[in-house]
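Student: I have this model open on my screen and I'd like a close look at how the helical part is held together, charged pairs included. Take me through it slowly, please.

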Amino acid sequence: MTPVCPFVKAARHPDAQSLKKHGADHEAKGRKDSGDSATISPKCPFGFDSQSFKIGPLSCVICQALLFESSKCVPCSHLYCKACISRFKDCPLCGADIEKIEADTNLQSMVDRFIEGHARIKRSHVNTDNEEVVSDNKKVIYEDVSLERGAFLVQQAMRAFRAQNIESAKSRLSICAEDIRDQLEGKGNTPELCSQLGAVLGMLGDCCRAEGDAAGAIKYFEESVEFLMKLPTDDLEITHTLSVSLNKIGDLKYYDGDLQAARSYYFRSLGVRRDAVKNRSDVPSQVLDVAVSLAKVADVDRNLGNENVAVDGFQEAINMLDSLTLKSEEASLEQRRLSVLEFLKNQLEDKQSEQAP
């Protein structure tokens, strides 16, 4: 298949098949003599192909992600995402005073076309040998860059999220979710697709949470849980993502003062993690996850007045972490183990100091 870029519209040469049969020399001569650009495979003018993949012209130097709501500084004309540059009074590139910020709709349109052409999950191939015609409403993924399963857009979303450009992150993640939903309609609830959608919905929940939209965050986390619950429980990544989504709903309920609901979600997360440890007791991170869930449930129990139950939960978590042996190369896990262990012991010490005469 001949690579095609959304930025370039080239007509098919009427004798393309004969050129192919006569070999590369004939094709090169035809290009040189006739200057007919239609005989040349169209390539992206910005270099978006598998050999020289770069998005510099379409990215923001502040968040390092694809431009979102592209905006131009006046008078220096440097370009950024609107949310990124709005935090500055001087241009980060040249230091010029920013008199005003103007939308660059033409550049944003180009970014959107790049996403539609190169970074969509749905993949419909064009058979160039048979000159198959693709209808206007059929999305096409261009073969000069392969970005499977929205991985590229998720990367862009994470960069934007870290730079607090939340709307940009939500936009990219929403495209991923839309594409996966389309595939679910055609293929059904396969483990791969449900796992992908569960993860993307969880990230959308994080975006809403960062914006202070608790209701929106809960909606996305609950939908994430719904899809992940359809999957086998023997996949550690799926199990972890599921339990994290349940805990995040519990956190939001906790901060809202709904302790009973918070405990319900924390307890569900604990159940998922206990089952995971039964299947894979040799994975230290799973044991750490159980200890964290025990701490969350116990903390709610204490706030609900169930002190004896809370103490039992804290102590069980301490025993698990005390007996956990980590290898020297697992330094990050050891740091996490010590941090959780310190929290748990402080919880018991605080209670003991309250009871002291």
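Tutor: A word on terms to begin with: a helix here is a DSSP run of H or I with at least four residues, and helices are numbered from the N terminus. Keep in mind, too, that this is a predicted model.

Let's start in helix 13, which spans residues 331–355. Glu334 and Arg337 sit three residues apart there, so about one helical turn separates them. Their side chains meet in a salt bridge, with 3.0 Å from N to O. Now check how much of each partner is accessible. Arg337 has a relative accessibility of 11%, so it counts as buried, while Glu334, at 25%, is partly exposed. In general, side chains of opposite charge can pair when their charged atoms come close. The structure holds eleven salt bridges, and a few others are worth a look.

One of them joins Arg274 to Glu316, where the closest N and O atoms are 3.1 Å apart. Arg274 belongs to helix 10 and Glu316 to helix 12 (residues 307–322), so this pair ties together parts that lie 42 residues apart in sequence. Both ends are partly exposed: Arg274 has 31% relative accessibility, and Glu316 has a relative accessible area of 32%.

Stay with helix 10 for a moment and look at its packing against helix 11. Helix 10 covers residues 259–279, helix 11 covers 284–303, and their axes are 9 Å apart at an angle of about 155°. Since angles over 145 degrees count as roughly antiparallel, helix 10 is roughly antiparallel to helix 11. The crossing is left-handed. On the helix 10 side, the residues that meet helix 11 include Leu259, Tyr266, Phe267, Leu270, Arg273, Arg274 and Val277. Among those they meet on helix 11 are Val287, Val290, Leu294, Lys296, Val297 and Val300. By class, this contact has twelve nonpolar, four polar and six charged residues. So Arg274, which you just met in the salt bridge to Glu316, is also part of the contact with helix 11.

Lys296 leads on to another charged group. It is linked with Arg209 and Asp251 in a network of salt bridges. Asp251 lies in helix 9 (residues 236–255), and at 11% relative accessibility it counts as buried, because the cut-off for that label is under 20%. Leaving out residues up to four places away in sequence, Asp251 touches Arg209, Tyr266 and Lys296. Two of those names should ring a bell: Tyr266 is on the helix 10 side of the contact described above, and Lys296 is on the helix 11 side.

Now compare that with another helix pair. Helix 5 (residues 151–162) and helix 6 (residues 166–187) have axes that come within 7 Å and cross at roughly 160°. They are therefore roughly antiparallel to each other, and this crossing is left-handed as well. Helix 5 brings Leu153, Val154, Ala157, Ala160 and Phe161 to the contact, and helix 6 brings Ile166, Ser168, Ala169, Arg172, Leu173, Ile175 and Cys176. Sorted by class, that comes to ten nonpolar, one polar and one charged.

Next, find Gly205 in helix 7, which runs over residues 191–210. Gly205 is buried, with a relative accessible area of 0%. Apart from residues up to four places away in sequence, it touches Ala217, Tyr220 and Phe221. Its C-alpha is 9.4 Å from that of Ala215, ten residues away in sequence.

To finish, step outside the helices. Ile98 is in the loop between helix 3 (82–85) and strand 3 (100–103). With a relative accessible area of 17%, Ile98 is buried. Val74 is 24 residues away along the chain, yet the two C-alpha atoms are separated by 5.9 Å. Val74 is also among the contacts of Ile98 beyond four places in sequence, together with Cys73, Ile85, Phe88, Lys89, Asp90 and Cys91. In strand 3, which takes in residues 100–103, Lys100 and Glu102 have side chains that meet in a salt bridge of 3.2 Å, N to O. Lys100, at 46% relative accessibility, counts as partly exposed, and so does Glu102, at 30%.

Notes
Residues are numbered from 1 along each chain as its sequence is written. This is a predicted model: local features need pLDDT of at least 70, side-chain atom pairs count only at pLDDT 80 or more; totals for chains, interfaces and linings use all residues. Side-chain values use heavy atoms; hydrogens and water are left out. Axes are lines fitted to C-alpha atoms, for helices over the stretch in contact, and angles run from 0 to 180 degrees between N-to-C directions. Helices (H or I, at least four residues) and strands (E, at least two) are DSSP runs, numbered from the N terminus. Angles under 35 degrees count as roughly parallel, over 145 as roughly antiparallel, 65 to 115 as roughly perpendicular and the rest as oblique. A crossing is left-handed if the near helix is turned anticlockwise from the far one by less than a right angle, and right-handed if clockwise. Contact means heavy atoms within 4.5 Å. Ala, Val, Leu, Ile, Met, Phe, Trp, Tyr, Cys and Pro count as nonpolar, Asp, Glu, Lys and Arg as charged, and the others, Gly among them, as polar. Buried means under 20% relative accessible area, exposed over 50%, partly exposed in between (1.4 Å probe, protein chains only). A salt bridge is a side-chain nitrogen of Lys or Arg within 4 Å of a carboxyl oxygen of Asp or Glu.
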